[in-house]
Amino acid sequence: MFAVIAVALVKMAFVDGMAPEQAVVGPGAQVAVPVVQASRATVTNKVEIQATVQNDPAVGVRNTAAGVVTYIFLEPGVKVASGDRLYQVRTEVQPAPQAAAASQPVSPPDAEGPGSRILLTAPPAPTYTYSDVLAPAAGTLRTLDVLLDQQVSVGAAAGTIDPGTFTVSGSVDAAQQYRLLAKPGSAQISLVGGPAPFTCPAVELKSTAGGTGDAAGSGGITGGVGRSVPSISVGPAGPDGAPAPGGTPTGTLSCAVPTDVEVFAGLGATMTVTAGEAVNVVTVPLTAVEGSVKEGIVWLAGADMNPGAGGVVIGGPAGPAPAGGTPAVGPASEPEQRKVQLGLNDGAVVEVVSGLAEGESVLEFIPGAPAQVPSGPQFGGPVFPMGG
């Protein structure tokens with residue numbers, strides 16, 4: 001027994017005590033670089049815009065002839081059709097130069113001295129033309145500001161006609177305008193608390209003079225939606241905790257409501273327009289492209305970046321990772337810039353027409369894109385400055 005105890009003490013003192021101690025891992029920072037592969041998908045360029053139902057403006061009635069009002073056919077408040085007669089104007093026709101000359105007194109050549117006779121010709125009787133002023137549009141004649149025997153001039157305002165029609169109109173920002181370059185022909189309208197969704201047959205896109213869009217404050221990154229890292233966002237949040245969408249309005253999208261749809265001014269609506277679809281095309285996330293219209297730039301991932309693992313960890317010590325951990329490598333190779341031709345985008349992904357093949361790996365986010373605070377209840381508290 002004493003021999004066994006002695007052997008154990010010798011082993012503990014001279015064998016186990018000489019084993020190297022386990023290294024203590026110090027604190028370090030590791031940054032993951034997300035990488036994605038270009039893949040095939042169907043891109044539907046569908047844009048939703050918050051809009052409002054508005055009355056169409058009244059149509060002005062203007063005089064088309066100068067003269068005196070001699071007859072009024074209709075009174076305010078009645079329904080009119082385009083081309084209906086509203087009132088009549090009488091215009092005096094000036095005599096021709098020959099007739100004016102014939103009306104002057106004529107003296108015979110031998111009429112000299114007292115008692116000579118002068119022949120006079122009576123001036124011609126005045127002649128008149130009568131012109132009807134017509135309704136320029138159909139609707140309700142709201143005002144008619146002319147009176148009988150009133151002298152009127154060409155182009156003077158004479159009244160207004162309320163067309164009784166409505167238009168759905170909403171603001172669009174720069175990114176949405178770029179997505180609507182294809183000029184969609186129709187829109188699907190869903191009214192808040194109104195009838196079933198209906199189709200608006202004619203869509204019109206107008207630019208707002210002086211609009212700057214949201215590219216001015218993007219720090220040099222221009223061209224569309226989602227230009228910053230979506231996992232981090234700073235700014236006002238919507239009711240669901242997500243960042244409030246949109247930017248500075250740069251235009252309006254409007255569509256005439258069909259006459260058989262019953263609406264009234266002030267109703268809220270959602271206008272959905274589809275401007276093209278690309279089936280089974282090469283796509284990448286919009287966050288991976290600088291620019292979103294016609295031409296853009298992507299950053300090809302280096303050979304040491306593994307998109308299957310969702311990215312590569314850089315900035316940590318080189319060498320094997322502990323069991324179950326993420327491999328840590330040295331500094332990753334620099335990504336390569338490449339220009340690509342772009343097609344449709346749906347606000348999340350964009351079609352790559354040329355410049356990138358299916359399966360090629362690119363950085364998921366533009367290098368140097370401004371960071372944003374992630375949404376969610378855990379980030380809903382007050383923001384405190386970091387550092388000393």
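How much accessible surface does the protein chain have, and what share of it belongs to carbon and sulfur atoms? Hello everyone, let's start with that one. The accessible surface comes to about 23,500 Å², and carbon and sulfur atoms hold 59% of it. Please keep in mind that this is a predicted model.

Now for the overall picture. The protein chain has 388 residues, and 30% of them are buried. Along the chain you will find 3 helices and 22 strands. Next, think about contacts between residues with a separation of 6 or more: 79% of these involve residues 24 or more positions apart.

Let's look at one group of strands together. As a reminder, strands of a sheet pair through backbone hydrogen bonds, and they can do this in a parallel or an antiparallel way. Here, 4 strands make an open sheet, in the order 8-7-5-10, with antiparallel pairing. Which strands sit at the edges? They are strand 8, residues 127–134, and strand 10, and each of them pairs on one side only. Strand 5 covers residues 67–72 and strand 7 covers residues 85–93; these two run antiparallel and are joined by 4 bridges. If you want a spot to find on screen, try Val68, which stands opposite Arg90 in strand 7.

Next stop, the cysteines. How many disulfides does a search of the whole structure find? The search turns up 1. The partners are Cys200 and Cys255, with their sulfur atoms 2.3 Å apart. Cys200 belongs to strand 14, residues 198–200, while Cys255 belongs to strand 16, residues 249–256, so the disulfide ties together parts that are 55 residues apart in sequence. Why do we call this disulfide left-handed? Because the torsion about the S-S bond of Cys200 and Cys255 is about -125 degrees. And are these two cysteines buried or exposed? Both Cys200 and Cys255 are buried.

Last, two residues with a backbone angle worth pointing out. Asp149 is not a glycine, yet its phi is positive, at about 65 degrees. You will find Asp149 in the loop between strand 9, residues 139–144, and strand 10, residues 151–152. Asp149 is exposed, and its relative accessible area is 65%. Asn280, also a residue other than glycine, has a positive phi near 55 degrees. Asn280 is found in strand 17, which spans residues 268–285. With a relative accessible area of 48%, Asn280 counts as partly exposed, since exposed means over 50%.

That's my tour, so thanks for listening!

Notes: Residues are numbered from 1 along each chain as its sequence is written. This is a predicted model: local features need pLDDT of at least 70, side-chain atom pairs count only at pLDDT 80 or more; totals for chains, interfaces and linings use all residues. Side-chain values use heavy atoms; hydrogens and water are left out. A disulfide is a pair of cysteine sulfur atoms within 2.5 Å. Buried means under 20% relative accessible area, exposed over 50%, partly exposed in between (1.4 Å probe, protein chains only). Two strands pair if DSSP finds at least two bridges between them. Contact means heavy atoms within 4.5 Å. Accessible areas come from the Shrake-Rupley method with a 1.4 Å probe; for residues, only the protein chains shown count as cover.
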